[in-house]
Amino acid sequence: MPSPPSGASLDAAPLLEARGLTRRFGATIALEGIDLAVRRGEPVALFGENGAGKTTLLRLLAGGLKPTAGGVAVEGTDPRRAGAAARSRIGVVSHQTLLYGDLTAEENLVFFATLHGVPSPAARARALLREVDLAERGDDPVRTFSRGLRQRVALARALVHAPPILLLDEPATGLDARSTAAWRRALAEAAARDTTWILATHDVEEGLALCPRWVAIRHGRVADAGSSRGPEADRARARALAP
Amino acid sequence: MRRSSDLAMSALTVATAGSMAAALWLIFLVAPEERVMGAVQKIFYVHVPLAAITFLSVFLLLTGAAGYLWTRRAGFDHLSIASAEVGWLFCTLVLVTGPIWAKPAWGVWWTWEAKLTTTLVLWLLLAGILLARAYASTPEQGARIASVLGVIAALDVPIVYKAVDWWRGQHPIVFGPGKTDPLAPGMLAALLVSMGAFLLLFALLVAVRARLAAEEDRLAALLEAAARSR
Amino acid sequence: MSDAAPRPPGFVSASLAIAQKDLRIEGRTKETTLATVLFALVVLVVFAFAFGGDAVQRAGAGTIVPGVVWVTLAFSGIVGFTRSFRLEREDDALAAVALAPVDRGAVFAGKALANFVLLTALETALFPLTSVLLDVPLLAAAAPLALVVPLHTVGLACLGTLFGAVVSRLQRGEALLATLMLPAATPLFLSAVHCTASAIEGTPLAADRHWLLLIGGLDVLYVLVALLLFDAILED
């Protein structure tokens, strides 16, 4: 089970912060007044039903979507002002793999490494493939991979620029046991390298296991929050959210 | 606040009706018949204002579209929708009244000279914008895509005109150098009043359509709020 | 893992990386090339039927051939532009590109460049095919064509990439690409047909200076407008 490196929560400024974050789609209010602070070394689990706003929140934090009101700060910087800098600090895994099916796993990683300006993209790609246990399939087109393998490549893609923050949108849904284990292993290694993440998940137990803090979203608002390591009551509240 | 805008709308409606009546009176009862073409020429009093206002609507469309892309304020999008729709309507009328006049005047229903071709291309561009809005998955996406297309269309119109001009050229020139027949005074008055009447009509239609768009937004927001509070 | 911190690539490097990625995918699948060349051949055959056996000889090569070629190019190009953005939507890879610290304009530049290369490849097949099927000697006009055609292909690639991106955001939007793009492409089309006719008929290009300036200007304008609007197009 991954645990944050000791002494990591002493940074004063949060790594990633949402302040009064609101997003409307036409007349629909997807998110309203979200305040969230993620500190270095303290990953957060994001719980909520389908349609609660988890994906929208992650997209806003990643900078792929602009807020209707409120703001995001990535290491203190506003992505609307310094978008490229903010984007280089974040890696994203979503339920779609965000990969090019006709390219090989290695080619995908080299491409994204190049886009992020990673030095020696080819070497980095091969190292990442080893990390997610896919070294022997590096030359196969991603189209030929099962969902589990694709998500592993997707995680490698998110890690290609070694971002301090990962945004994970239900990455392990539909994965078999072997892929889920490989996932958790990769996440543990990321934690050891001081990577922090927000993990949106339906699986409350997984969320509690992988993240010291949790936040629950309902109807676009923060409904509840708590710690996964502290009082049992907190964890019970989280489990009560599960449908 | 609503009452003053209602008042303005009513005033505009009355002014439009009044000026239209005046225009019709001048066109049919005061302006002399044109020597060569007779009564058919009277379409000129309708066609010219319609054409001029169509191109005014392109300018408004550009303002609304660019304004929306820059500020994302709904008001700009309402202007954009209204000027695209009403502009397309006026454009259709130009393309209908033109050939009716052209056949007796030039002997052909249509010719590929610069003004006609540009108007036809504009009609297609506006139709495309309206179609794209219908295909959008959310109103916000529709607004954004339509704004992008609106900017492209508006920038394209002068270029299309110039390009077709180099390619052909044959429209009768009404004002300015090269005009063949000076307008009789009665005709000028009829044209100017007609222009004013159609301008007011255009303003009225755009205002109504923009307000409709605003009301639709308000309704959607109210429905949404009601659904959430349940 | 290397010790140097990542430095985001510049606009040109990012565009080239994206263009290279598109061309590599095309090189592997060859789907776009096959689809467009086959479509072009079909359109040419339809034109041959439409204009009757010796229509070209009677009317003169310069009257019919430029129109046939550019209409074929426009519609075959549309097949290619559609595919260019469809491959981005399959697994939403474009979202990952948008998350990289690169200017969204680089996405336009890269894809337009790739589309330009693919269009040029199509043209190297189309012109000889036209020459053969419509029985028109084009080799003599090769030099002026070599100037005129690429100039206009740049404009076509830019417009196609721009509108391709727009329709890729709409549901079932691909059906709209021709309807939206072709009216806007009027000046490009007029210029292309005129200049190609001049090239085929042997008129010196100096006589068409204003057209060439127009298309040059249009190419620049399309690029600028696309770079300006691409952010808004790719949003959400």
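**Domains, core and a helix crossing**

In this predicted model, the domain assignment splits chain A into domain 1 (13–89 + 163–175 + 183–243) and domain 2 (99–162). The centres of the two domains of chain A, taken over C-alpha atoms, sit 24 Å apart. Where they meet, 10 residues of domain 1 of chain A are in contact with 12 residues of domain 2 of chain A. On the domain 1 side, the top contributor is helix 6 (residues 177–192) of chain A, which supplies four residues. That side of domain 1 of chain A breaks down into seven nonpolar, two polar and one charged residues.

Then there is the nonpolar core. The largest one takes in 220 residues, and those with the most contacts inside it are L109(A), L167(A), I198(A), L149(B), L159(C) and V166(C). Helix 5 (residues 139–167) of chain B chips in the most, with 14 residues. Domain 1 and domain 2 of chain A both give residues to this core, so it lies between them. As for L149(B), leaving aside residues up to four places away in sequence, it touches G128(B), I129(B) and A132(B), along with V166(C) and L180(C).

Over in chain C, two helices cross. The axes of helix 6 (residues 104–133) and helix 10 (residues 209–234) of chain C come within 8 Å, at a crossing angle of roughly 110°. An angle of 65 to 115 degrees counts as roughly perpendicular, and helix 6 and helix 10 of chain C are therefore roughly perpendicular to each other. Helix 6 of chain C brings R104(C), G105(C), V107(C) and F108(C) to the contact, while helix 10 of chain C brings A226(C), L227(C), F230(C), D231(C) and L234(C). By class, the residues of this contact come out as six nonpolar, one polar and two charged.

Technical notes
Residues numbered from 1 in each chain as written. Chains lettered and ligands numbered in written order. Predicted model: local features only at pLDDT ≥ 70, side-chain atom pairs only at ≥ 80, totals over all residues. Core = buried A, V, L, I, M, F, W, Y, C linked by C-beta atoms within 7 Å. Buried ≥ 20, exposed ≤ 12 C-beta atoms within 10 Å, placed from the backbone. Domains from an automatic or database assignment. Contact = placed C-beta atoms within 7 Å. Nonpolar A, V, L, I, M, F, W, Y, C, P; charged D, E, K, R; others polar. Axes fitted to C-alpha atoms, helices over the stretch in contact; angles between N-to-C directions. Parallel < 35°, antiparallel > 145°, perpendicular 65-115°, else oblique.
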